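Thanks for coming, everyone. Please bring the sequence and the structure up on your screens. I'll keep this brisk.

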Amino acid sequence: MNTRTNLGKTLIIVNPTAQSGAAATAAQQVQRFLSMYMHDDSAFEVVHTTHPRHATQIASQATDYNTVLALGGDGLVHETACGLMAIGSEARPCLGVLPVGSGNDYARTLGMDQTMGADLSWLSHARKRAMDVGRIDYVGEAGRGTDYFVQTFSCGLDAAIAIGTYELRKSTGLSGDTLYLASGLNVFGIGYRRFPLRVKFEDEAWHELESIIMAIQIGPTYGSGFRICPDADPSDGLFDICYAHGKIPRAIALPVFLRAKNGHHLSSRYVHGRRAQSVRPLFDGEDYPLQADGEQIRARSATITMVPSALTVLAPAMSR
Ligand SMILES: Nc1ncnc2c1ncn2[C@@H]1O[C@H](COP(=O)(O)OP(=O)(O)OP(=O)(O)O)[C@@H](O)[C@H]1O
């Protein structure tokens, strides 16, 4: 495997806590593989994060590397991508994903299967894809902030489901779609409500919505494979947006939402889909559930802007 030629100098960032510690085991396998098969160890460096957001710090300083691989879940990919976005586009390393998380939605978008976490073999024939990135400029009680996302930003009940998985994972040990389904049943049960939302797409007039979900997607899925925007193309320079609006009774909302597992929710009269390059949501307070790639954000308002083809990302040769 001539990995060095393809990847150049490579940094592997590991979140040892991802998927309840499974990423730490995968990282040991990766280390063993590298020491057995690499002729020149200096081509690779492996760094473990020690705290949340550490990956952003590490990736933002990775200007000496050609490639940064994120070994962990969507949260690690998110934090790594945010760090890479702090580097100017000329010097920005390529991103690669070794998926060992609970959701792995970005890996899905890249055409990877869920067992590729410790597998480096595909990297020798990986191809490079120019992938879109979403920029979030938000205002909250703590002031202004900027973040990025590579797969999903959402607000409302779907964000509450993602946020709810943190505690549920700790208390039950569940992962993957079972974890997201259990969180979804909680949120659509005791947590069911509608959220007032003002939103502006590009330069259009403001919409006043009574919304239960709004997803602004780069790739098709969130929540471990829910095909919320099944036709989203991560390289077309546009967000795919799906929102549910109106006085939707819970008895109807849950089955409609569950149909999103296969992308069949779009036929509901409450569900709306569209594309845009920018979206400006205004929330009714900081309790409004918001997530970017599964990570919680606290904000009263946000401006979400497309950054087309901002990241070069490695994908298996067979993916679309
Ligand atoms: N060393 C660390 N100690 C504690 N938390 C960490 C550490 N490194 C990263 N984190 C946090 O772990 C959280 C989850 O990470 P990650 O997404 O990689 O795994 P996951 O939650 O199992 O997978 P997924 O997001 O696909 O469901 C992130 O919020 C990240 O900030």
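One definition before we start. Helices and strands here are DSSP runs, with at least four residues for a helix and at least two for a strand, numbered from the N terminus. With that in hand, find His 51. His 51 sits in a loop, between β2 (44–48) and α3 (54–60).

Keep in mind that this is a predicted model. How confident is the predictor? The average pLDDT over the chain is 91, and 96% of the residues score at least 70. For the complex, the ipTM is 0.96 and the pTM is 0.93. Now the weak spot. Over residues 1–5, pLDDT stays under 50. The model has nine contacts beyond four places in sequence for that stretch. Where pLDDT is low, predicted coordinates should not be read in detail.

Back to His 51. Is His 51 buried or exposed? His 51 is exposed, because just 8 other C-beta atoms lie within 10 Å, and the cut-off for exposed is 12 or fewer. Now look across to His 264. The two residues are 213 apart along the chain, and their C-alpha atoms are separated by 39 Å.

Next, Pro 16. Pro 16 is also in a loop, the one between β1 (10–14) and α2 (22–37). Pro 16 has 18 other C-beta atoms within 10 Å, so it counts as partly exposed. Beyond its neighbours in sequence within four places, Pro 16 contacts Gly 21, Ala 23, Ala 24, Ala 27 and His 48. From Pro 16 to Asp 203, the C-alpha separation is 43 Å, with their positions 187 residues apart along the chain.

Now a strand. Ile 212 is in β9 (residues 207–217). Why is Ile 212 called buried? Because 27 other C-beta atoms lie within 10 Å, and 20 or more is the cut-off. Leaving aside neighbours within four places, its contacts include Gly 156, Arg 194 and Ile 248.

On to the domains. The chain divides into domain 1 (3–125) and domain 2 (135–308). Their centres, taken over C-alpha atoms, are 26 Å apart. Where they meet, 15 residues of domain 1 contact 25 residues of domain 2. On the domain 1 side, α4 and α5 (105–109) each supply at least two residues. The largest share comes from α4, with seven. By class, that side has five nonpolar, seven polar and three charged residues.

What about the core? Nonpolar side chains tend to be buried together in soluble globular proteins. Here the largest nonpolar core has 94 residues. Those touching the most other members are Ile 13, Val 68, Ala 70, Leu 71, Ala 81 and Ala 215. Strand β15 (residues 301–315) gives the most to this core, eight residues. Each of the two domains, domain 1 (3–125) and domain 2 (135–308), puts in at least three. Take Ala 81 as an example. Not counting residues up to four places away, Ala 81 touches Leu 95, Val 133, Tyr 148, Val 150 and Leu 311.

Last stop, the ligand. How many residues surround the ligand? There are 23, and the closest are Pro 52, Gly 73, Gly 75, Gly 101 and Ser 102. By class, the shell has four nonpolar, 15 polar and four charged residues. Which helix gives the most to this shell? That is α4 (residues 74–85), with four residues. We met α4 earlier, giving the largest share of the domain 1 side that touches domain 2.

Definitions and conventions
Residues are numbered from 1 along each chain as its sequence is written. This is a predicted model: local features need pLDDT of at least 70, side-chain atom pairs count only at pLDDT 80 or more; totals for chains, interfaces and linings use all residues. A residue is near a molecule or strand if its C-beta atom, placed from the backbone, lies within 6 Å of it. Ala, Val, Leu, Ile, Met, Phe, Trp, Tyr, Cys and Pro count as nonpolar, Asp, Glu, Lys and Arg as charged, and the others, Gly among them, as polar. A nonpolar core is a set of buried Ala, Val, Leu, Ile, Met, Phe, Trp, Tyr and Cys residues joined through C-beta atoms within 7 Å. Domain bounds come from an automatic or database domain assignment. Two residues are in contact if their C-beta atoms, placed from the backbone, lie within 7 Å. pLDDT is the predictor's confidence in each residue, from 0 to 100.
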